[in-house]
Amino acid sequence: MATAKNARVLVVDDETDVLFALKMLLKTEVKEVVTEKNPDNLLGLLERQKFDVIFLDMNFKSALNTGNEGLFWLRQVLEKDKDASVILITAYGDVELAVRSLKEGAADFIVKPWHNEKLLETLHQTLDKRQQKAKGNTAATAKSAGSTTILGQSDAIQEVLYKIEKIAPTEANVLILGENGTGKELVARALHEKSFRASKPFVSVDMGALTDSLFESELFGSKKGAFTDAREDRAGRFEAANGGTLFLDEIGNISPAMQAKLLTVLQNRQVTPLGSNTPVPVDIRLVSATNEPIYELAAHNQFRKDLIYRINTVEITLPPLRQRHGDVELLARHFAAVYAQKNHKAAPDFAPETLQKLKQHNWPGNVRELQHAVERAIILAENNVLQPQDFSFSPMEMAPVTPAAAYIPETPVPLSEIERETIVRVLEKNKGNISRTAKELGLTRTALYRRLNKHDI
Ligand SMILES: Nc1ncnc2c1ncn2[C@@H]1O[C@H](COP(=O)(O)OP(=O)(O)OP(=O)(O)O)[C@@H](O)[C@H]1O
């Protein structure tokens, strides 16, 4: 089986520049590089020669023109040789498609324009996997979570981890979707840490907490004297993130006026501080997140479609915890170890009935709620094996798991009313303490404040 030095590599792409660049790059790494411009010749080539790795373009300008030419040729190659290792070469916009191609049997993919070191890393990993597979060692083919602390064995989280690995070293703008507490910020940080901007700042802005009047000065900065309190020049978050990553959290909550201003800045890649006439160029990689149904908002003209297109070059969706019950035990054990250490206790175990209870719970506050529930249990537990009674859930947390089991009143109550009532109840229970209420509801303090405002509480 081939190591890099005796590997034969085939590159199929209809762009001569790509063929030339890859030949130059790979020829010192591997034994032989064959390039082919016409995919129609691909199968014939495979008849005559064996290749260890095939780099295959996803976007041939061929008569097929289905947008899926790469997938078409991938299937053809795998039909001929089910063990072929195909690395797809794809453009930004096709990353979703490329992720799907992995399920069809592609070994990996790289995004154009690529970074040479990343491409070589992908080549070596593919050759390693091939070697392991030939030795019958399938463990090595399992995807690793790398250095990131995002935990999860479910397919959904594995796919998220895979996407992070692939997308992080690109300049693609990423939109992260998911309910409160599903790990959106964690993913945003992982994207930054694994990017070429890792040594530069990661700047996070909670857009939901910005009022219209604060928006411009916070994001774009202000000049001395621009408003009463502006005693000196202040850089905005865009400038602070220069060279690094700007994370706009809760982007679905911003007003139409803010959306328009943000769009202009993203189009021009420059900001004009309040009170200044001189735009300042900014170099940022944008990662945004929301728990709002942003496409629904766009359909009702509450969110600009052109802004969505700017921010969602690639999308990552984090499923709610109730849809990945398989991850509950892993996360619970992880948080138990963390909080036991923090509280100078030995790491506890979980009684089987406790695990059962946790797996059956609905987790409306997702991973954050689980994290807090475990922390509470560790502090209060009487012994070192956590029992079901160490976990008590509030009525809202006990919301039914399946719609079928849901209580449906005869006269439907609007969801916002239920939300309002629940917040008032938990707030009263905690005697108005915002931190405890937010914790119990599985919300951040900011998210709770926003809801208090929304419901006029
Ligand atoms: N897969 C995971 N593995 C380990 N920890 C996780 C995971 N997902 C979430 N967490 C933890 O759960 C907590 C909530 O995560 P995070 O703040 O990233 O969620 P979020 O989706 O940004 O929430 P919000 O929408 O309320 O801002 C954090 O403490 C985070 O570290």
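Me: A residue is buried if 20 or more other C-beta atoms lie within 10 Å of its own. With that cut-off in hand, what makes strand β1 (residues 8-12) mostly covered?
Reply: This is a predicted model. In β1, four of the five residues are buried. Each of those four therefore meets the cut-off of 20 or more other C-beta atoms within 10 Å.

Me: Why is strand β3 (residues 53-57) called largely enclosed?
Reply: Five of its five residues are buried, so the rest of the structure largely encloses β3. Val 53, Phe 55 and Asp 57 point one way from the strand. Ile 54 and Leu 56 point the other way. All of these residues are buried.

Me: How do you know that β1 and strand β2 (residues 32-36) pair?
Reply: Two strands pair if DSSP finds at least two bridges between them. β1 and β2 have five, in the parallel sense, so they pair. One of the partnerships joins Val 9 to Val 33 in β2.

Me: Which strands pair with β3, and in what sense?
Reply: β1 pairs with β3 in the parallel sense over four bridges. Val 12 has Leu 56 of β3 as its bridge partner. β3 also pairs with strand β4 (residues 86-90), again parallel and over four bridges. There, Asp 57 has Ile 89 of β4 as its bridge partner. Four bridges satisfy the requirement of at least two, so β1 with β3 counts as a pair, and so does β3 with β4.

Me: Why does Glu 250 count as buried or exposed?
Reply: Glu 250 has 23 C-beta neighbours inside 10 Å. The cut-off for buried is 20 or more, so Glu 250 counts as buried. The residue lies in the loop between β10 (245-249) and α10 (256-268). Its phi is positive, about 55 degrees, although Glu 250 is not a glycine.

Me: What makes His 344 buried or exposed?
Reply: His 344 has 6 C-beta neighbours inside 10 Å. Exposed means 12 or fewer, so His 344 counts as exposed. This residue sits in the loop between α13 and β15 (349-350). Phi of His 344 is near 55 degrees, a positive value in a residue other than glycine.

Me: Why is Lys 342 called exposed?
Reply: Lys 342 has 11 other C-beta atoms within 10 Å. The limit is 12 or fewer, so Lys 342 is exposed. Lys 342 belongs to helix α13 (residues 328-342). Its C-alpha is 9.7 Å from that of Glu 375, 33 residues apart along the chain.

Me: Why is Glu 193 called partly exposed?
Reply: Glu 193 has 17 other C-beta atoms within 10 Å. Buried takes 20 or more and exposed 12 or fewer, so 17 falls in between. Glu 193 lies in helix α7. The C-alpha atoms of Glu 193 and Ala 168 are separated by 8.0 Å, although 25 residues apart along the chain.

Me: How do you know that the span of α15 is close to the expected value?
Reply: α15 has 15 residues and reaches 21 Å from its first C-alpha to its last. The expected span is 1.5 Å times one less than the number of residues. For α15 that gives 21 Å, so the two values agree. Buried residues of α15 include Asn 366, Val 367, Leu 370 and Ile 378. The buried residues of the helix pack against α13 and β16 (385-386).

Me: What makes Glu 369 in α15 buried or exposed?
Reply: Glu 369 has 24 other C-beta atoms within 10 Å. The cut-off is 20 or more, so Glu 369 is buried. Its C-alpha is 7.3 Å from that of Glu 440, 71 residues apart along the chain.

Me: How do you know where the ligand lies relative to domain 2 (162-318) and domain 3 (323-454)?
Reply: Both domains give residues to the shell around the ligand, so it lies between them. In total, 21 residues surround the ligand. The closest are Leu 151, Gly 183, Lys 184, Glu 185 and Val 367. α7 (184-193) and α15 (366-380) each supply at least two residues of the shell.

Me: What is the make-up of the shell around the ligand, and why does Gly 183 count as polar there?
Reply: The shell divides into seven nonpolar, 10 polar and four charged residues. Gly is grouped with the polar residues, so Gly 183 counts as polar. Lys and Glu count as charged, so Lys 184 and Glu 185 do too.

Notes
Residues are numbered from 1 along each chain as its sequence is written. This is a predicted model: local features need pLDDT of at least 70, side-chain atom pairs count only at pLDDT 80 or more; totals for chains, interfaces and linings use all residues. A residue is near a molecule or strand if its C-beta atom, placed from the backbone, lies within 6 Å of it. Domain bounds come from an automatic or database domain assignment. Two residues are in contact if their C-beta atoms, placed from the backbone, lie within 7 Å.
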